[in-house]
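Reader: Please take one part of this model and look at it closely. Start with a single residue, work outward from it, and then tell me which other contacts tie the chain together.

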Amino acid sequence: MKITGACHCGAITIEGEADPEKVSICHCTDCQTGTGSAFRVSVPVPGDTFTMTGEPTSYLKTTADSGHPRLQAFCGKCGSPIYSTTPGEGRQASYMVRVGILRERDQLAPKRQNWYRSARAWVTGLGALPKNQKQAQ
Ligand SMILES: [Zn+2]
Ligand SMILES: [Zn+2]
């Protein structure tokens with residue numbers, strides 16, 4: 001399916017093709033730190049379908065949990081995570097795009113959880129917490 005997205009401030013927009021069956025959660029500690037949250041939700045976008053406006057800031061994590069170096073791209077203005085990919089010049093084979101920046105995120109529910117051994121223990125118990133439909137009073 002076609003996907004479109006933008007960072008929080010709009011300086012970066014992306015487009016591409018993604019398979020909704022390939023949406024995954026990553027619980028690794030790098031993703032916890034990189035998102036400032038409990039886990040990350042991403043979908044792979046083949047490089048030959050991926051287009052972007054704006055210039056993301058990037059950070060090369062050489063000691064990722066996976067053992068492989070990963071280039072993390074985010075908006076240098078608002079800090080929204082955009083994607084990760086293999087380091088190198090020019091277009092890469094695949095981009096792991098962050099589902100939270102996509103307009104189609106309602107249709108991109110996660111299909112699997114990776115690095116579950118690093119998952120926060122409370123992640124599976126969220127259903128039991130009190131729920132405010134808007135901000136807490
Ligand atoms: Zn931005
Ligand atoms: Zn991760």
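**The metal site and the contacts beyond it**

Author: Cys 75 counts as buried, because its relative accessibility is 3%. The model is predicted. Cys 75 serves as a zinc ligand through its SG atom. The zinc ion (ligand 1) is also held by the SG atoms of Cys 7, Cys 9 and Cys 78. The distances run from 2.3 to 2.4 Å.

What is the geometry around the zinc ion (ligand 1)? The four donor atoms subtend angles of 107 to 114°, so the arrangement is tetrahedral. A tetrahedral call requires all angles to lie between 85 and 135 degrees.

Along the chain, the donors are spaced as C-x1-C-x65-C-x2-C. Cys 7 and Cys 75 link distant parts of the chain, 68 residues apart. Cys 7 sits in the loop between β1 (2–6) and β2 (13–17). Cys 75 sits in the loop between β7 (70–74) and β8 (81–85). Cys 7 has 6% relative accessibility, so Cys 7 counts as buried too. The cut-off for buried is under 20%.

Next, the aromatic rings. The count comes to three aromatic pairs. One of them joins Phe 50 and Tyr 95. Their ring centres lie 4.3 Å apart and their planes meet at 15°, so this pair is stacked. Phe 50 is in the loop between β4 (40–46) and β5 (51–53), while Tyr 95 is in strand β9 (residues 94–98). The pair therefore ties together parts that are 45 residues apart in sequence. Both Phe 50 and Tyr 95 are buried.

Tyr 95 has another partner, Tyr 83. How do the rings of Tyr 83 and Tyr 95 meet, edge-to-face or stacked? They meet edge-to-face, with 5.0 Å centre to centre and 85° between the planes. Tyr 83 lies in strand β8 and Tyr 95 in strand β9, so this contact ties together parts 12 residues apart in sequence. Tyr 83 has a relative accessible area of 8%, so Tyr 83 is buried. Tyr 95 is buried because its relative accessibility is 7%. Ring pairs thus link Phe 50, Tyr 83 and Tyr 95 into a cluster.

Charged contacts come next. The whole structure holds two salt bridges. Lys 2 and Glu 15 meet in one of them, at 3.3 Å from N to O. Lys 2 belongs to strand β1 and Glu 15 to strand β2, 13 residues apart. Lys 2 counts as partly exposed because its relative accessible area is 44%. Glu 15 is partly exposed as well, because its value is 35%.

Lys 61 forms a salt bridge with Asp 30. The closest N and O atoms are 3.7 Å apart. Lys 61 comes from strand β6 (residues 57–61) and Asp 30 from helix α1 (residues 29–35), so the bridge ties together parts that are 31 residues apart in sequence. Lys 61 is partly exposed because its relative accessibility is 21%. Asp 30 is partly exposed because its relative accessible area is 22%.

One surface feature remains. Trp 122, Leu 126 and Leu 129 form a nonpolar patch there. Together they have about 320 Å² of accessible area. Leu 129 is in the segment after β10 (112–114). Leu 129 counts as partly exposed because its relative accessibility is 47%.

How values were computed: Residues numbered from 1 in each chain as written. Chains lettered and ligands numbered in written order. Predicted model: local features only at pLDDT ≥ 70, side-chain atom pairs only at ≥ 80, totals over all residues. Heavy atoms only, no water. Donors = N, O, S within 2.8 Å, 3.2 Å for Na, K, Ca; no water. Tetrahedral: all angles 85-135°; square planar, octahedral: opposite > 155°, others 65-115°. Helix = DSSP H or I, 4+ residues; strand = E, 2+ residues; numbered from the N terminus. Buried < 20%, exposed > 50% of the residue type's maximum accessible area, 1.4 Å probe, protein only. Patch = residues over 30% accessible without salt bridge, like charges linked within 9 Å, V, L, I, M, F, W, Y side chains within 5 Å. Areas by Shrake-Rupley, 256 points an atom, 1.4 Å probe, with all protein chains shown as cover. Salt bridge = Lys/Arg side-chain N within 4 Å of Asp/Glu carboxyl O. Phe/Tyr/Trp six-rings, centres within 6.5 Å; stacked < 30°, edge-to-face > 60°.
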